[in-house]
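Colleague: Please take me slowly through one part of this model, the surroundings of the positions that the database record marks out. I would like a connected account that I can follow on the screen.

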Amino acid sequence: MNQTMIQFFHWYSEGKGKLWNHAKKQAEYLSGLGITSVWFPPAYKGTDGENSIGYDAYDLFDLGEFEQKNSVSTKYGTKENYINAIRALKEKNIQVIVDVVLGHKAGGDELEKFKAVKVDENNREKVISDVIEIESYTKFTFPGRGKKYSEFEWNFTCFSGVDYAEGRDSHIYKIKSEYGDDWEEMIDDEKGNYDYLMFNDIEHRNPHVREELNNWAKWYFDETDFDGVRLDALKHISFDFYKEWLTLLRSNSGKNIFAVGEYWAPGYLNLLQKYIEATEGCMSLFDSSLQNNFHTASKEGDSYDLRNILAETLTEADPLHSVSLVDNHDTQPLQDLEAPVEAWFKPIAYALILLREKGYPCIFYPDLYGAHYKDNDREGNEQEIFLDKVDGIEELLKARKENAYGIQRDYFEDANCLGWVREGDDEHDGCAVVLSNKDAYTKPMEMGEKYIGKTFYDVLGRSEEKVIIREDGWADFPVPAGNVSVWIPE
């Protein structure tokens, strides 16, 4: 069966402890669509308790169990709700992928004094102050949890930098420590060194920190029996750390844990490939280059040459390490990395990731369920956003589940009209996919001898015509204007 992931949340997912229970109720529906894995948001307590999205990680051991940060529950529910949702999904043979945030911590419990230097925010290698003593919230004692599950207390030696100093202006401060005056090595020189992202930046060269994070991973697996991990903000974390962390997690769990990382570098395939090489292929990456192509194509309309839609993408260059996507919580409207794919192009984009042989596709929660939210734009003006369910998304998912198998033949000769066929296999009928970003067309394609005389129809309902495969195995498939059709045998 084809593997298909869903990101089962977005940046503005409803709170009040509802998400885990919602996922539990959706298990059967998702299974019927051919979803084989669910990526959940960070499940541990953030700095604002039940209001935190989770990327402001406070206590990794608090999955909605302790009275901390003004709540027991996280935004998504209690630990019991979480475990129940995981069990419900697994009963339907759906794997669970957990979100792992190990680049920074936030919401420290006590102030500490230590030495640091200011660095230039646009070039973190450039020191712009003398060594000064600052106070920051770098001590984590977790008073609500106490010593349960772990006795480790985080202090300033566990961090390489902070962006808060009591009584001083907000700035990036590089902590003077025994683990080196420099930031940790990254694979790119963006901002001089992009080790520092936000809050208290974790110092992965500290052996006590590494041991704690390795112990936590084993504990987390034992508590939840997850199947995979989504690794946050790889651009800002030592690649050596994750090589070790994943090796130990797989060894300690006795399970070949799937891993996909977020190295967001739209248009820079070389950086994705460089990271995969540096980490010796121990994880997949989200194909930010392909998502960027989709965004661009949706903005440019019929002036975009569709023959380039897969150019310079990880899915084409290294499909075994690619997780393809159309949108996510960072690219959705009103987010900092906002680069959404326009609604008219989304059925086309989903056909390209769901019905071709390369890559591991991930669909986005609002594209299956819709979403409605409000937030401020970059100018500070409140905006109301309505995201509709993608037209035909369920049919596209079912076509992946039932028809996207076997030999693939591409017909990419036209700048505004693409097509391909999947021949199917011994257990599945194939399909023919045609799409256009301009006018309606008719696309001649070879379906294959096994389909001679068979009648095909468009499962998306864009066309009411029927297509009969000729004696040479070919047929002329109608192509809808600015849309996609998926043809399968009756």
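**The barrel and the annotated residues**

Modeller: Eight strands with parallel pairing form a closed barrel, in the order E1-E2-E5-E13-E14-E15-E16-E17. From one strand to the next, the twist averages 25°. Please keep in mind throughout that this is a predicted model.

One join in the barrel will help you to find your bearings, namely the parallel pairing of E14 with strand E15 (residues 284-286), which rests on two bridges. Here Val260 stands opposite Ser284 of E15. If you follow the chain onward from strand E14 (258-261), you enter the loop that leads to helix H5 (269-278), and Glu262 lies in that loop.

Glu262 brings us to the record, since UniProt, in an unreviewed entry, lists Asp232 and Glu262 under "active site". The pair spans 31 residues of sequence, yet their C-alpha atoms are no more than 5.4 Å apart, so the two residues gather at one spot. The lining of the largest pocket includes Asp232 and Glu262.

Asp232 is found in the loop between E13 and H4. With a relative accessible area of 8%, Asp232 falls under the 20% limit and therefore counts as buried. Leaving aside neighbours within four places in sequence, Asp232 is in contact with Tyr55, Asp99, Val100, Val101, His104 and Ile237, and with Glu262, its partner in the annotation.

Glu262 is likewise buried, at a relative accessible area of 8%. Apart from neighbours within four places in sequence, Glu262 is in contact with Arg230, Leu231, Asp232, Ala233, Leu234 and Lys235, and beyond these with Phe286 and Asp330. With Arg230 there is a further detail, for a polar contact of 3.3 Å joins the side chains of Glu262 and Arg230.

The record holds a second set: under "binding site", the unreviewed UniProt entry lists Asp195, Asp201 and His236. These residues are spread over 42 residues of sequence but cluster in space, the largest C-alpha distance being 9.0 Å. From this set, His236 is taken in by the lining of the largest pocket.

His236 has its place in the loop between strand E13 (228-231) and helix H4 (239-253), and Asp232 is found in the loop between E13 and H4 as well. A relative accessible area of 9% makes His236 buried. Not counting residues up to four places away in sequence, His236 touches Met186, Tyr194, Asp195, Tyr196, Leu197 and Asp201, and Asp195 and Asp201 are residues of the "binding site" listing.

Asp201, for its part, is found in strand E12 (residues 200-202), and its relative accessibility of 2% means that it counts as buried. With residues up to four places away in sequence set aside, Asp201 touches Gly103, His104, Cys158, Phe159, Ser160, Gly161, Asp195, Tyr196 and His236. One of these, Ser160, makes a polar contact of 2.6 Å with Asp201 through the side chains. His104 is worth picking out on the screen, because it is touched by Asp201 and is in contact with buried Asp232, and in this way it links a residue from each listing.

A further buried residue is Ser289, in helix H6 (residues 288-300), with a relative accessible area of 1%. Beyond four places in sequence, Ser289 touches Ala265, Gly267, Tyr268, Leu269, Leu272, Glu312 and Thr313.

To set the barrel in context, turn to an open sheet of six strands with antiparallel pairing, in the order E20-E21-E22-E27-E24-E25. Its edge strands, each pairing on one side only, are strand E20 (408-414) and strand E25 (467-468). Within the sheet, strand E22 (residues 429-436) and strand E27 (residues 484-489) run antiparallel and are joined by four bridges, with Val434 standing opposite Ser485 in E27. Helix H8 (residues 346-354) packs on this sheet, where it touches strand E21 (417-424), E22 and E27, and its direction makes about 140° with that of E22. Nine of the nine residues of H8 are buried, so this helix is largely enclosed by the rest of the structure; among them are Lys346, Pro347 and Tyr350.

Notes:
Residues numbered from 1 in each chain as written. Predicted model: local features only at pLDDT ≥ 70, side-chain atom pairs only at ≥ 80, totals over all residues. Heavy atoms only, no water. Pairing = 2+ DSSP bridges. Contact = heavy atoms within 4.5 Å. Axes fitted to C-alpha atoms, helices over the stretch in contact; angles between N-to-C directions. UniProt positions renumbered as here; feature names shortened; annotations may be inferred. 1 Å grid on protein atoms, 1.4 Å probe; cavity = no way out; pocket = protein on both sides within 12 Å on 5 of 7 lines; lining within 4 Å. Buried < 20%, exposed > 50% of the residue type's maximum accessible area, 1.4 Å probe, protein only. Polar contact = N/O pair within 3.5 Å; in protein donor to acceptor, adjacent residues only side chain to side chain.
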